[in-house]
Amino acid sequence: MSERARAHHGLRGLAEQLGPVAAGLVVLGLGSFAFLSIAGRALGPVDFAPVATLWVLFNAAALAFFQPIEQELGRTTAHRVAHGLGARPVLIRCLLVGVGVLAALALVVLLLRQKISVEAFDGRTALASLLLLGLLGLLAEHVLRGLFSGNERFGRYGWQLACDGILRTVLPGVVVLASMATSTSLSAALVVAPLLAAGLTAGRVPQLARPGPPIAWRELLPALGTLTAAGILSQLIVNAAPVAAQVLSTPEEADRAGVFIAALVMTRIPLFFFGAVQATFLPTLARLNAVGDRHGFLRQTWLVLALAGGAGGAFVVGLAAIGPWVLRLLYGPDFASDRAVLVVLGLGAAGYMVAQALAQALIALRAYRAPLYAWAAGSAVFFATLAVPLSLEARVSMALLCGSAVATAVMGLLLRSVLRVTTPGTHRPAD
């Protein structure tokens, strides 16, 4: 097969896998921003800020604590399927880990409920309890997604995403139409959606997790622990920004903080759609690694990096052209932001996407510590930049950009180093 034919085959295969997941993510993305738009228009900038902060924490907790479970379950399932082995032992142990993580998070939230309510939710204590309810649904969703992706059931993966997105639009819409729109009622509509979506799309789980050889805790826990630590640090870069805006703002800056948080959330749009790439990319690389296809591994990696970089660049151009107008369209006339701030936020989001793509390649090679080191470096730069005496918007937007840029650079260097000493198809010990 010629190089051009291989590239065409790789692109077509990626498109076939991405299709249903991308469609589901379009619905989820539209649903998420419909929720934010409904909440912003119903509540105004001041009351909207704690709801937007809950939305950010809600998604950050999923990506930091439950996406690693999805990643390792999907990677291990894909590897086992490639060798004709069942993944039920992996599913059971990942579920046990997930329940343990959920219990630990619940304990932290309950112990620090008052502080969290004051610092993050402007004194609205009900939102801390709602956060816990939402985490249960997110755990169920991510475990199912790991099974779906590992078994190449991308249609079911996309259907779950679409259900979640539809519910995130319908439920808050019902709340507003019933004239019951408060920060608490709209937050409740948000956190119930994943729980319902998981229940509607679970199907017959045993068919996706056949009995197979056991997996030792020592093989699973170090990988999950490292991935979780890396996930937490990655979320500090992209999701600590809105929380920092809420915490660092003075009472006189309440309106500005609400508008800036809305701008931050809007510039995360590419991250939603990049989830389609991420969902299919890691299992695909795991299968290529399992069968020793180095050329296919590298081709797929470069293809996704080009896709992430191109999509991020196009989004930044769009922000420069019509960003302020779109922000007002989404949230209302009170939400006016500077074009330069939106561009900087968009560049930070684009860099973050490229870093995430590099991280998936490293995880597929079982180089778990490399993403951890890269996100740690990016997080350190993020918080160092927050200390620079600039305006609220400039501090937080530059922190996001600098943190993402450093994480991307370190991730790229580490992937290059790992590929020099690793041949896909060999059983590389996890690090």
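The exercises below, each with a worked solution, concern a predicted model.

**Exercise 1. Salt bridges within helices**

Task: State how many salt bridges the model has, and work out how the partners of each are placed along the chain and whether they are buried or exposed.

Solution.
Step 1. The count comes to three salt bridges.
Step 2. Take Arg 75 and Glu 72, whose closest N and O atoms are 2.9 Å apart. These two residues are three apart in helix 1, which means that about one helical turn separates them.
Step 3. For burial the cut-off is under 20% relative accessible area. Arg 75 has 6% relative accessibility and therefore counts as buried. Glu 72, at 2%, is buried as well.
Step 4. Turn to Arg 145 and Glu 141, with 3.2 Å between the closest N and O atoms of their salt bridge. Both belong to helix 4 (residues 126-150) and are four residues apart, so the separation is again about one helical turn. Arg 145 and Glu 141 are buried.
Step 5. In helix 5 (residues 154-177), Asp 164 and Arg 168 are four residues apart, about one helical turn. Their closest N and O atoms lie 2.8 Å from each other in a salt bridge, and both residues are buried.
Step 6. The spacing fits a general rule: an α-helix has 3.6 residues a turn, so residues three or four places apart point the same way.

**Exercise 2. The span of helix 10**

Task: Compare the end-to-end distance of helix 10 with that of a straight helix, and locate the kink.

Solution.
Step 1. Helix 10 covers residues 294-331, which is 38 residues.
Step 2. At 1.5 Å a residue, a straight helix of this kind would reach 56 Å.
Step 3. In the model the end C-alpha atoms are only 47 Å apart, short of that value.
Step 4. Along helix 10 there is a kink of about 75° at Ile 322, shortly before the proline Pro 324.
Step 5. After the helix comes Gly 332, with a positive phi near 120°.

**Exercise 3. Tyr 331 and the nonpolar core**

Task: Identify the residues that touch the most other members of the largest nonpolar core, and trace the contacts of Tyr 331.

Solution.
Step 1. The largest nonpolar core has 117 residues, and Tyr 331 and Trp 375 are the ones that touch the most other members. Helix 1 gives the most to this core, 21 residues.
Step 2. Setting aside residues up to four places away in sequence, Tyr 331 touches a list of residues that includes Phe 33, Leu 36, Ser 37, Phe 48, Val 265 and Met 266.
Step 3. Take Ser 37 from that list: this residue lies in helix 1. Beyond its neighbours within four places in sequence, Ser 37 is in contact with Leu 330 and Tyr 331.
Step 4. Ser 37 has a relative accessible area of 14%, so it is buried.

**Exercise 4. The surroundings of Asp 47**

Task: Decide whether Asp 47 is buried, partly exposed or exposed, and list its contacts beyond four places in sequence.

Solution.
Step 1. Asp 47 is in helix 1 (residues 3-82).
Step 2. The partly exposed class runs between 20% and 50%. Asp 47, at 31% relative accessibility, therefore counts as partly exposed.
Step 3. Apart from neighbours within four places in sequence, Asp 47 is in contact with Arg 124 and Ser 183.
Step 4. Gly 258 is 211 residues from Asp 47 along the chain, yet their C-alpha atoms are separated by 8.2 Å.

Terms used
Residues numbered from 1 in each chain as written. Predicted model: local features only at pLDDT ≥ 70, side-chain atom pairs only at ≥ 80, totals over all residues. Heavy atoms only, no water. Buried < 20%, exposed > 50% of the residue type's maximum accessible area, 1.4 Å probe, protein only. Contact = heavy atoms within 4.5 Å. Expected span 1.5 Å × (residues − 1). Bend = angle between axes of the 7 residues up to and from the residue. Core = buried A, V, L, I, M, F, W, Y, C linked by side-chain atoms within 4.5 Å. Salt bridge = Lys/Arg side-chain N within 4 Å of Asp/Glu carboxyl O.
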